[in-house]
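Here is a quick tour of one model, covering its open spaces, its helix contacts and a couple of backbone oddities. Have the viewer open as you read.

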Amino acid sequence: MPYSHHSHSGEFCGHAQDTLKAIIDAAVEKKMQVFALTEHMPREQQDLYPEEINLGYSDETLLDIFRSYYAEARRLQALYASEIDILIGTEIDWIRPSSKDFIEDLFSNFGFQVFIGSVHHVHGIPIDYSAKLFADARRLSGNSTEKLFEDYFDLQYEMLKALKPPIVGHFDLIRLKCEDPNMSFATMQGVWQRIHRNLAFTVSYGGVVELNSAALRKGLDEPYPNGEISKEFLNLGGRFTLSDDSHGIGQIGSHYWEVLRFAEEVGITKISYFETAPASKDSRSPGVTIRSTAVSHMQSHPFFASCKPI
């Protein structure tokens, strides 16, 4: 029953650890039922991260790394087919409107079973990398955190409309590096209107929002998305899935018990998950279907019970 729809490895991601095979071995050991491989898509030259620049990478380097990832993912998927349901995908980085052409070209060259739609940049600047870069992005929003939030959710809306991702990644990532990451969005009218709009649109096309435990791992009080957003999405009829956003074997299934407790408190009774199936009605997730499990049933599973604090 355990599953994660969002993962990275040190073999193909500069800020992660461990090989892709070691990641899958750990997922098998933890009795994961479904495990999605979602390395970051390659990016344009202007969007390299500091560590990539220091390593002398180029946009071509990132594309070569991604090709290697895809080939290894296919090999491991076949190798472990009898032990775990591995879904091959990618995490999309929507940076600007021109990202659409770049992403569509990527889709035409690689066959993904699932993909995550994420926003990590505002004004072309990473907003989850460091407090300094977050501040740089805020300066371009008139030195206003509230305006930066608005700009983030507007960019997310562009991504949602253009791609209709099966899974929406860390919906409110923008709060990670702000002064008070546990603050309420609902007190900011313009921000909250944008959040509601994005959630309603996600429901309209059948997208699923991940409950991402990485926020807890990084010291926030609640997973992504926070409680007020999760309740709003639930009220709109939205569906949730479960992700650890792991960047190494030590993070697989991290803080899952706390996420289940959070889901229960918010009022979420079912968690959706993607799995390999003979056919799919959704061209964005070929050969994959979406099922659901009751939260109460998950809590009694040995894996989740083993995560329960003593």
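## The enclosed space

First, a caveat: this is a predicted model. As for sealed-off space, the lining of the largest cavity has three nonpolar, one polar and four charged residues. The names to select in your viewer are M41, R43, E44, D47, D93, I95, S99 and F102, which line this cavity.

How much space lies in the largest cavity? The figure is about 60 Å³. The structure holds one cavity of 30 Å³ or more, so there is no long list to work through here.

## The open pockets

Moving on to open space, the largest pocket comes out at a volume of about 330 Å³. Its lining takes in 20 residues, and H15, H40, D128, K218 and H247 are the ones that lie nearest the centre. Sorted by class, the lining of the largest pocket splits into five nonpolar, nine polar and six charged residues.

The second largest pocket has a volume of about 250 Å³. It is lined by 19 residues, with F12, C13, G14, E52 and L62 closest to the centre. Which elements give two or more residues to this lining? They are α2 (50–54) and α3, and α3 gives the most, with four residues. By class, the lining of the second largest pocket has 11 nonpolar, four polar and four charged residues.

## α6 against α7

Now for the helix pairs. Helix α6 spans residues 145–163, and its axis comes within 9 Å of the axis of α7, with a crossing angle of roughly 15°. That makes α6 roughly parallel to α7. As for handedness, α6 passes α7 in a left-handed crossing.

The contact is written out here in full. From α6 come E146, F149, E150, F153, D154, Q156, Y157, L160 and K161, while α7 brings Q189, G190, V191, R194, I195, R197, N198, F201, T202 and Y205. The residues of this contact of α6 with α7 divide into eight nonpolar, five polar and six charged.

## α7 against α9

Helix α7 (residues 189–205) also pairs with helix α9 (residues 227–235): the two axes come within 10 Å and cross at roughly 45°. That makes α7 oblique to α9. What is the handedness of the crossing where α7 passes α9? It is right-handed.

On the α7 side, the contact uses W192, I195, H196, L199, T202 and V203, and these meet E228, I229, E232 and F233 in α9. By class, the contact of α7 with α9 has six nonpolar, two polar and two charged residues. I195 of α7 takes part in this contact, and I195 is also among the α7 residues in the contact with α6. T202 is another such residue, listed in the contact with α9 and in the contact with α6.

## α1 against α3

Near the start of the chain numbering, helix α1 (residues 20–29) and helix α3 (residues 59–79) have axes that come within 10 Å and cross at roughly 35°. Here too the crossing is right-handed, with α1 passing α3.

The residues in α1 are L20, K21 and I24, and they meet Y69, E72, A73 and L76 in α3. This contact of α1 with α3 has five nonpolar, no polar and two charged residues. Helix α3 has already come up above, as the element that gives the most to the lining of the second largest pocket.

## Two backbone oddities

Two spots are worth a look if you care about backbone torsions. One is the peptide bond from Y224 to P225, which is cis, with omega near -15°. P225 is found in the loop between α8 (214–217) and α9, and α9 is the helix whose contact with α7 was described above.

The other is D18. Its phi is positive, at about 75°, although D18 is not a glycine. Where is D18 found? It is in the loop between β1 (3–4) and α1, and α1 is the helix that passes α3.

Notes. Residues are numbered from 1 along each chain as its sequence is written. This is a predicted model: local features need pLDDT of at least 70, side-chain atom pairs count only at pLDDT 80 or more; totals for chains, interfaces and linings use all residues. Side-chain values use heavy atoms; hydrogens and water are left out. On a 1 Å grid over the protein atoms alone, a cavity is a set of points where a 1.4 Å probe fits but cannot get out, and a pocket is an open set with protein on both sides within 12 Å along at least five of seven lines; lining residues have an atom within 4 Å of a point. Grid points are joined across faces, edges and corners, and a volume is the space filled by probe spheres set on the points. Ala, Val, Leu, Ile, Met, Phe, Trp, Tyr, Cys and Pro count as nonpolar, Asp, Glu, Lys and Arg as charged, and the others, Gly among them, as polar. Axes are lines fitted to C-alpha atoms, for helices over the stretch in contact, and angles run from 0 to 180 degrees between N-to-C directions. Angles under 35 degrees count as roughly parallel, over 145 as roughly antiparallel, 65 to 115 as roughly perpendicular and the rest as oblique. A crossing is left-handed if the near helix is turned anticlockwise from the far one by less than a right angle, and right-handed if clockwise. Contact means heavy atoms within 4.5 Å.
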